[in-house]
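Biologist: Could you take me through one part of this model closely? I would like to hear about the ligand and what surrounds it.

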Amino acid sequence: MTDTMRLDAAYIANTYARFPVEIASGKGSLVWDVNGKEYIDMGSGIAVNGFGIADDAWLKAVTAQLAKIPHSSNLYYTEPGAQLAKMLCERTGMKKVFFGNSGAEANECAIKAARKYAAEKHGPDCYTIVTLWNSFHGRTLTTLSATGQDHYHELYQPLTPGFAHIAAGDMDALRELAKTTKIAAVMIECVQGEGGVVPLEADFVHALADFARENDVLLIVDEVQTGNGRSGRLYAYMNYGIAPDIVSTAKGLGGGLPIGACLLGEKVGDVFAPGDHGSTFGGNPASCAGGVSILSRIDDALLEGVRARSKAIFDALEGAPGIEAVSGMGLMIGVKTVRPARDVVRRCIENGVLCLTAKDRVRLLPALNIPMDQLEKALAVLKEAAKA
Ligand SMILES: *Cc1c(COP(=O)(O)O)cnc(C)c1O
C-alpha cells in the first residue's frame, strides 16, 4: 500500500473499487506506476485518451490555450469552442452544439432539448423518453433515471419521472407503449458500453429510426463512449446509416480533458433561447482546443487503423482458451471469459496490462492509435490471463 492509497482510503468518498495501482505518469499507450513498473494501457482512461496519454499535438494545443486564456466564462466569445462546434456540425450535419463538461451533462442537455421541443410541438403531456434495458446514460439523478438498469436506481428514489424502458429489439413494446403514452424521444447507445459492450442489431436500429421519423419522436443517440472514432467511424450511428435528431458525446472528444457536447439536429437546432440552459465551465477554451486537435485528426486513415486494430483483436481472441465470446465494434470490445472478469483483469495488471470490465466481461478500450506491437503484447498477456 502506498501513502496515496492510505490518504485516498481516509479522505476520498468511497465510490470507487480501485485496482491497487498508483499511476505516476504515462505517454501514448504506456503507463508507469510509482514503483516504475510499466503497463500497456488497454483502457485509455475509459475511452478518454483517444490518441494516447499526453499526445504531443494535443499537449501543444492545450498548453498554448492555457497560456492564452484557460477560462473566460460563457459571458464572452472564445475561439476554440466556436471552432470545435463548427467542426462537429460539418462532420455530422447537425446544426448547433451545446458544450458541458461530462457525458451526463451532454445527456441532460439532450433530455432538456427533447422535452422542450415535444412540449412546444405536442403539448405538456408529451415528455416521456424511452430508453433501453441494460443502457447506461450517466449518474445525475435524471440520467440515472434514463439508465435502464435497476441496480443503479434502488438507492436514489424518487427518480426523475418521464422515463420508460423497453428491451433492445422489442419494437412491439414500443408500439404498445405509444398507444397509452405520448413519447417525446427514444434514446439509445448503438453499442451498450457499461452494459457489457453489446452492439444493437441493425434491423432494430433502423426500425427505431423509422418509428421516430414517422411519429415525430426525437431520436437521441448517446455517443458518450462510442463516439469520436472509437467505433471505427466518427460516430457509431454512422455504422448504421441513420440520422439522429440529437447526439450526445463526451469521453474521447477532449483527448484527456473534461468536455461534453450535445449536438442538435434540424428539428431542435433552435429549441433553446438565452437563459434556457447553461454551464459555467461548459465550452472551456482549453478543453475545446484539445477537442479541435483530436477531431481534426480523426480522418479516414485513422479510422481505417481503428478497424484494422479491431480485426486484430477479434482474430487474436475469438476461440482462444478460456474465452467464450468477443463482442463490440471498433476499439470498444467486450471479452466474455470463463474465469471471472475481475480476476482476469487482476492477472493482466500483475503482468503489465491495464484492462477494464463491463458487467461480466473484460472490456478493451485502447487508444485509437495504439502501436501494433504494444497491442499484440497486451493481447498475449490477456490470452494467458484468461486461461484456466
Ligand atoms: C460514461 C458514459 C456516460 C456518462 O459520462 P460521464 O462523463 O461519466 O458523466 C453516459 N453515457 C454513456 C454511454 C457512457 O458510456
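Modeller: Happy to! Let me start with a polar contact, meaning a pair of N or O atoms within 3.5 Å: a polar backbone atom of Ala104 sits 2.8 Å from an oxygen atom of the ligand. The backbone also takes part at Phe136, where a polar atom is 3.3 Å from a nitrogen atom of the ligand. At Lys251 the side chain is involved, with an N or O atom 2.7 Å from a ligand oxygen. On its own the ligand has 380 Å² of accessible area, and the protein covers 80% of that (Shrake-Rupley method, 1.4 Å probe).

A word on the background: this is a predicted model, where local features need pLDDT of at least 70 and side-chain atom pairs count only at pLDDT 80 or more, while totals for chains, interfaces and linings use all residues. Residues are numbered from 1 along each chain as its sequence is written, and side-chain values use heavy atoms, leaving out hydrogens and water.

Now the wider shell, counting residues with a heavy atom within 4 Å of the ligand. Ser102, Gly103, Ala104, Asn107, Phe136, His137, Gly138, Glu189, Asp222, Val224, Gln225 and Lys251 make up the surroundings. Helix 5 (residues 103-122) gives the largest share, three residues; helices here are DSSP runs of H or I with at least four residues, numbered from the N terminus. Sorted by class, the shell holds three nonpolar, six polar and three charged residues. In that scheme Ala, Val, Leu, Ile, Met, Phe, Trp, Tyr, Cys and Pro are nonpolar, Asp, Glu, Lys and Arg are charged, and the others, Gly among them, are polar.

How values were computed. A polar contact is a pair of N or O atoms within 3.5 Å; within protein, one must be able to donate a hydrogen and the other to accept it, and residues adjacent in sequence count only if both atoms are side-chain atoms. Helices (H or I, at least four residues) and strands (E, at least two) are DSSP runs, numbered from the N terminus.
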